[in-house]
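Trainee: I've just opened this one and don't know where to look. Please walk me through it, one question at a time.

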Amino acid sequence: MSDLLLARAVRLLAAAKDVEHALTGMAALLVADLGGWCLVDRVEPPDLVTRVAAIGPDGPLELAADEGPVHARRSSARAHGVLARLVEAPGQRLRMSSNDLTAMASSEDPRLRAQAAMAGRLGTTDVVVLG
């Protein structure tokens, strides 16, 4: 991360009026600086997931119906898909290469398959997930 990006992130976080504005602002900042797209989901125990932001290079992403609206809330009896992998990852940091995404596309877990399909639709070759 460049010093300029870090400085902009600190200013953005200091000025944010709440967590959702901070996360949405960070997503937009990262997309503007690093390119691609950013989805921000907030996870609350035990496994409630709230989509906070979906940002692409031209602003808010239009997600397909099966990928859920931006503010979709999903809950299940246990973690599924990438969330399950993130929970088990050291430091809750997960990086997935194009090979990992290909493997996800043929997974038995329907959530992983759907997440891999969405990443492919968005032209993704490398994914970083932070918890």
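## Getting our bearings

Trainee: Let's start with Thr124: is its place buried or exposed?
Mentor: We go by relative accessible area, with a 1.4 Å probe and protein chains only: under 20% is buried, over 50% is exposed, and in between is partly exposed. Thr124 comes out at 14%, so Thr124 is buried.

Trainee: Before we go on, which pLDDT do local features need here?
Mentor: The model is predicted, its residues are numbered from 1 along each chain as the sequence is written, and side-chain values use heavy atoms, with hydrogens and water left out. Totals for chains, interfaces and linings use all residues, side-chain atom pairs count only at pLDDT 80 or more, and local features need a pLDDT of at least 70.

Trainee: Back to Thr124, then: with which side chain does its own side chain make a polar contact?
Mentor: Thr124 sits in the loop between helix 5 and strand 6. Helices (H or I, at least four residues) and strands (E, at least two) are DSSP runs, numbered from the N terminus. A polar contact is a pair of N or O atoms within 3.5 Å; within protein, one must be able to donate a hydrogen and the other to accept it, and residues adjacent in sequence count only if both atoms are side-chain atoms. At 2.8 Å, the partner of Thr124 is the side chain of Trp37.

Trainee: Asp18 is in a loop too, so I hear; which side chain does it join in a polar contact?
Mentor: Asp18 belongs to the loop between helix 1 and helix 2, and Asp18 is partly exposed at 34% relative accessibility. The contact spans 2.8 Å and leads to the side chain of His21.

Trainee: How many salt bridges turn up in the whole structure?
Mentor: We call it a salt bridge when a side-chain nitrogen of Lys or Arg is within 4 Å of a carboxyl oxygen of Asp or Glu. One of them pairs Asp33 with Arg8 at 3.7 Å, N to O; Asp33 is in helix 2 (residues 19-34) and Arg8 in helix 1 (residues 3-15), 25 residues apart. The search finds four.

Trainee: Which residue does Asp41 hold in a salt bridge?
Mentor: The closest N and O atoms of that pair, Asp41 and Arg51, are 2.3 Å apart. Asp41 lies in strand 1 (residues 38-44) and its partner in strand 2 (residues 48-56), so they tie together parts ten residues apart in sequence. Asp41 is partly exposed at 32%, while the partner is buried at 4%: that's Arg51.

Trainee: And what about Arg95: which residue is its salt-bridge partner?
Mentor: Arg95 is exposed, at 57% relative accessibility. Its partner is partly exposed, at 35%. With the closest N and O atoms 2.3 Å apart, that partner is Asp126.

Trainee: Now the helices: at what angle do helix 1 and helix 2 cross?
Mentor: Axes are lines fitted to C-alpha atoms, for helices over the stretch in contact, and angles run from 0 to 180 degrees between N-to-C directions. Under 35 degrees counts as roughly parallel, over 145 as roughly antiparallel, 65 to 115 as roughly perpendicular, and the rest as oblique. Helix 1 and helix 2 are therefore roughly antiparallel. Their axes come within 10 Å, and the crossing is roughly 160 degrees.

Trainee: How are helix 3 and helix 5 placed relative to each other?
Mentor: The axes of helix 3 (residues 81-88) and helix 5 come within 6 Å and cross at roughly 100 degrees. Contact means heavy atoms within 4.5 Å; Gly81, Val82 and Arg85 of helix 3 meet Arg111, Leu112 and Gln115 of helix 5. The two helices are therefore roughly perpendicular.

Trainee: Which residues of helix 3 are buried?
Mentor: Quite a list of elements helps cover them, including strand 1, strand 2, helix 4 and helix 5. The buried residues are Gly81, Val82, Leu83 and Leu86.

Trainee: Last one: how far apart are the axes of helix 4 and helix 5?
Mentor: Helix 4 and helix 5 are oblique to each other. Leu101, Met104 and Ala105 of helix 4 make the contact with helix 5 residues, among them Leu112 and Ala119. Helix 4 (residues 98-105) packs on helix 5 at about 130 degrees, and the distance between the axes is 7 Å.
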